[in-house]
Amino acid sequence: MTTSAFVRFSGVTKRYGDLTVLDRLDLDIGWNEKVALIGPSGSGKSTLLRMLMLLEEIDEGLIEVDGRPLTHMQGNDGLVRANERYKREGRSRIGMVFQNFNLFPHMTALQNAAEGPVSSLGLSKKESHARAAELLSMVGLGDKLDHYPAQLSGGQQQRVAIARALAMRPQIMLFDEVTSALDPELCGEVLNVIRQLGDEHDLTMLMVTHQMGFAKEFADRICFFSEGKIVEQGSPEQVFGNPQHARTQAFLRAVT
Ligand code: ADP
Ligand code: MG
């Protein structure tokens, strides 16, 4: 029993109708830890990230960030609802980057990255633009500040999306198959940015990925999902080098 978890899922269950998507899931993630979630399509990986972002209500269980519950206990109607105060506070600690970059098409790279801090953190436009420009330089787009999404490659757009998430000063970054929509030659530039973030910043990171090579190199821990449960987890050496569970073995044989 450890008390040092930064993010803790305890007995978290999520159902859609009859389908149990997450089944009494327990997961502790340490401060600054890098965790890769792998597993077959439909096993609940994205749902886990979405629940941490509070994009979904949970049916049972508790999610805590830094010792504080993101969620209430069960209400009279049987649903576990987010605690509004912790919800705001918790969500502000978390940035998420999706498969499809979801940039505002009518805004430049700079405007996209600067928008959130002005509307949500109350930063002045000047401060926010300065910070956005700095972050865009960090992801290698210092010369593209005034470009619109349509004028950028997929890899560049995804790097703008990463800068935009970072502009909110999150402590936790969630990445959901961020290279899946990219041509293979553009994946490297995005993965390099993520690698650099992990190396140079105190960020707790959860990443869903199908790129086992990257997961192996990037993650402190690999969690293998199957049917709403983590059936196996461990260091990359353990999980990739010596998988114990038959489902992990079958999955890794199929994808590598
Ligand atoms: P993964 O990311 O591992 O591929 P997901 O977490 O996206 O899996 O989905 C897990 C399961 O939940 C899938 O069977 C999916 O079809 C189902 N699911 C996800 N979102 C919804 C929803 N909004 N309504 C109904 N079923 C959903
Ligand atoms: Mg998914």
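Colleague: How many bridges join strand β3 (residues 34-38) to β10?

Modeller: Bear in mind that this is a predicted model, in which local features need pLDDT of at least 70, side-chain atom pairs count only at pLDDT 80 or more, and totals for chains, interfaces and linings use all residues. Residues are numbered from 1 along each chain as its sequence is written, while chains are lettered from A and ligands numbered from 1 in the order in which they are written. Strands (E, at least two residues) and helices (H or I, at least four) are DSSP runs numbered from the N terminus, and two strands pair if DSSP finds at least two bridges between them. β3 and β10 run parallel, and the number of bridges joining them is 4.

Colleague: OK, and which residue in β10 is the bridge partner of D176?

Modeller: D176 belongs to β9 (residues 172-176), which runs parallel to β10 and is joined to it by 5 bridges. Elsewhere on that pairing, L174 stands opposite L206. From β3, L37 has its β10 bridge partner in V208. For D176, the partner in β10 is also V208.

Colleague: Why is β10 largely enclosed by the rest of the structure?

Modeller: Buried means 20 or more other C-beta atoms within 10 Å of a residue's own, exposed means 12 or fewer, and partly exposed is in between, with C-beta atoms placed from the backbone. Side chains in a regular strand alternate between the two faces of the sheet. In β10, T204, L206 and V208 point one way and M205 and M207 the other, all of them buried. So β10 (residues 204-208) is largely enclosed because its buried residues number 5 of the 5.

Colleague: Which helix sits between β9 and β10 in their β-α-β unit?

Modeller: The unit is right-handed, that is, with the strands pointing away from the viewer, the path from the first strand over the helix to the second runs clockwise. Its helix covers residues 184-200 and is α6.

Colleague: What are the edge strands of the sheet of 6 strands?

Modeller: The sheet is open, has mixed pairing and follows the order β8-β9-β10-β3-β11-β12. Each edge strand pairs on one side only, and the two are β8 (94-97) and β12 (229-234).

Colleague: And in the sheet of 4 strands, which residue of β5 does V65 stand opposite?

Modeller: That open sheet is antiparallel, in the order β2-β1-β4-β5. Strand β4 (residues 60-65) and β5 pair over 2 bridges. Opposite V65 in β5 is R68.

Colleague: Which helix gives the largest share of the shell around ligand 1?

Modeller: The shell (C-beta atom, placed from the backbone, within 6 Å) holds Y16, V21, S41, G42, S43, G44, K45, S46 and T47. Counting Ala, Val, Leu, Ile, Met, Phe, Trp, Tyr, Cys and Pro as nonpolar, Asp, Glu, Lys and Arg as charged, and the others, Gly among them, as polar, the shell divides into 2 nonpolar, 6 polar and 1 charged. The largest share, 3 residues, comes from residues 45-52, helix α1.

Colleague: Last one: does E127 count as buried, partly exposed or exposed?

Modeller: E127 sits in helix α4 (residues 125-138). Its C-alpha atom is 8.9 Å from that of A114, 13 residues apart along the chain. Because E127 has 14 C-beta neighbours inside 10 Å, it counts as partly exposed.
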